[in-house]
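Me: I should like to learn how to read the packing of a protein model, taking one feature at a time. May we begin with the model shown here?

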Amino acid sequence: MGCVNGKCCSRYPSSTDSDSGGYGEMGSCRNATNKHILTQRSLEIVPVPSQNYELQYSVLTQRGYYPDSPDKENQDSFCIRTQIQGNPNVHFFGVFDGHGHFGTECSRFVKDRLAEILANDPTLLDDPVKAYNSAFLMTNYELHSSEIDDSMSGTTAITVLVIGDAIYVANVGDSRAVIAVKNGNRIVAENLSSDQTPFRKDEYERVKLCGARVLSVDQVEGHKDPDIQAWGDEESQGGDPPRLWVQNGMYPGTAFTRSVGDSTAEKIGVISVPEVSMVRLTPNHLFFVVASDGVFEFLSSQTVVDMVARYTDSRDACAAIAGESYKIWLEHENRTDDITIIIVHIKGLSNSGAGDTDGTTGANRNPTSSRTGRGSSDSSAASGSELYRSIRSEFTDLQLSMNRSPAIVVPSPSQPWELDGG
């Protein structure tokens, strides 16, 4: 959702492009070079040899439609790094949604430095949670110290670190990660992160203690009573959400409570400390999605998972989700947000490796909890997911550029996933 005023980069390994078969007469959106027409990318595959499975992934980033700002850049960035520290079982996926006048610079800076700091941390495999916390705080410090003016600019960050058969999810802001879980004949969406906004009671109370005024734009401008805080939920009040303001001014107006950068908002409680959760993968985990709030502003987690499941080729799924998001944005507003989505399919994971580690320590020792977020269903034990409780830090101080037209071509779906009844 970003601030009130509110180019992609990836680091791919040398890998073999995967020819996604089974599309047949439905027609895959691929050209002669096996690159997808809309995403201009090949499917990438990276093995996780310790558990004998593969990750097959695709990404799409698309500039929003801004009729009043035709030259505005795509402020989203993403980073994909495989074989972190030279370890074939450790891989990183991240989406960074910049905001403010220097949002593009902030998101690019953070996606580079965060991954670099993680990769250079010797404690990463022993204590991923501690490494994540340190990396976010150091990245935030470096951004403050850089030549980029982050006083009223910054970025959210949603990242997934794969270590063997465990995934660690670190979130700062209101982008989101979701995992698809096979539950009988259904595919259920489970949130891997919780949007950090004033809609959350815990986040609301935290920023209030730091001196923030939490009001919607209508309340700040005097159209609604500032003493009546009846915002409802994010689905019903997405058009005028509660925002953070200094006591005697009409800034910064952030609709999130955590970010990297935003040095002005930091003074009223906007922190760069991530919430980190861990999931132990099982054969029932089919794929996970990492995306900016340009996707989740109007699409629920379950809707996104359902759309991915309808496509054999994840590049087609990326394009379809971007197109649907774009369409719904324009039904509600005269613009769209930037949209970035990474889809990672989990291929070939069997029960034989369940509970094993990749030879490192600390990968299976953290407590757990389920998460809910904007527009999605609660996680449940019935889904078969071992979803681990969010480990919250105690630190408290601390593209594909779209043409100017709002049109996007959406591929036809392929055959849906076929699930046996087990």
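Me: Which elements do the buried residues of H7 pack against?

Reply: Please bear in mind that this is a predicted model. The general idea comes from helix geometry: an α-helix has 3.6 residues a turn, so residues three or four places apart point the same way. In this structure, the buried residues of H7 pack against S7, strand S8 (186-191), S14, H6, H8 and S15. The buried residues themselves are Ser301, Val304, Val305, Met307, Val308 and Ala309.

Me: H8 appears among these partners. How many of the residues of H8 are buried?

Reply: Of the 19 residues in H8, 14 are buried, and the helix is mostly covered. From first C-alpha to last, H8 reaches 27 Å, close to the 27 Å expected at 1.5 Å a residue.

Me: How should one read an aromatic pair, and which angle lies between the planes of phenylalanine 298 and tryptophan 329?

Reply: A pair of aromatic rings is described by the distance of the centres and the angle of the planes. Four aromatic pairs are found in a search of the whole structure. In one of them, the rings of tyrosine 57 and phenylalanine 93 have centres 5.4 Å apart and planes at 75°, so this pair is edge-to-face. Tyrosine 57 belongs to strand S2 (residues 53-62) and phenylalanine 93 to strand S4 (residues 90-99); with their positions 36 residues apart, the pair links distant parts of the chain. Both tyrosine 57 and phenylalanine 93 are buried. As for your pair, phenylalanine 298 and tryptophan 329 are edge-to-face as well, at 5.0 Å centre to centre and with 90° between the planes.

Me: Why does the pair of phenylalanine 298 and tryptophan 329 tie together separate parts of the sequence?

Reply: Phenylalanine 298 lies in the loop between helix H6 (293-296) and helix H7 (301-309), while tryptophan 329 lies in helix H8 (residues 314-332), so the pair ties together parts that are 31 residues apart in sequence. Phenylalanine 298 is partly exposed, with a relative accessible area of 27%, whereas tryptophan 329 is buried, with a value of 4%.

Me: Which residues form an aromatic cluster, and where does a charge sit over a ring?

Reply: Tyr57, Phe93 and Phe288 form one aromatic cluster. The charged end of lysine 72 sits over the ring of tyrosine 66, 4.2 Å from the ring centre. Arginine 176 lies over the face of phenylalanine 296, at 4.6 Å from the ring centre.

Me: How does one read a strand such as S14, and is S14 mostly covered or mostly uncovered?

Reply: In a regular strand the side chains alternate between the two faces of the sheet. Strand S14 (residues 285-291) is mostly covered, with seven of its seven residues buried. Strand S7 (residues 176-183) runs antiparallel to S14 and is joined to it by six bridges; alanine 180 has phenylalanine 287 in S14 as its bridge partner. Strand S15 (residues 339-347) also runs antiparallel to S14, with five bridges joining them. Valine 290 stands opposite isoleucine 342 in S15.

Me: Finally, which residues have the most contacts inside the largest nonpolar core?

Reply: They are Phe92, Tyr132, Phe136, Leu161 and Tyr168, in a core of 32 residues. Elements that give two or more residues to this core include S4, helix H1 (103-119) and helix H2 (128-145). H1 gives the most, with eight residues. Another core, of 28 residues, lies apart from it, and among its members are Ile187, Ala189, Val289 and Leu299.

Note on methods. Residues numbered from 1 in each chain as written. Predicted model: local features only at pLDDT ≥ 70, side-chain atom pairs only at ≥ 80, totals over all residues. Heavy atoms only, no water. Phe/Tyr/Trp six-rings, centres within 6.5 Å; stacked < 30°, edge-to-face > 60°. Helix = DSSP H or I, 4+ residues; strand = E, 2+ residues; numbered from the N terminus. Buried < 20%, exposed > 50% of the residue type's maximum accessible area, 1.4 Å probe, protein only. Lys NZ or Arg CZ within 6 Å of the ring centre and 35° of its normal. Pairing = 2+ DSSP bridges. Core = buried A, V, L, I, M, F, W, Y, C linked by side-chain atoms within 4.5 Å. Contact = heavy atoms within 4.5 Å. Expected span 1.5 Å × (residues − 1).
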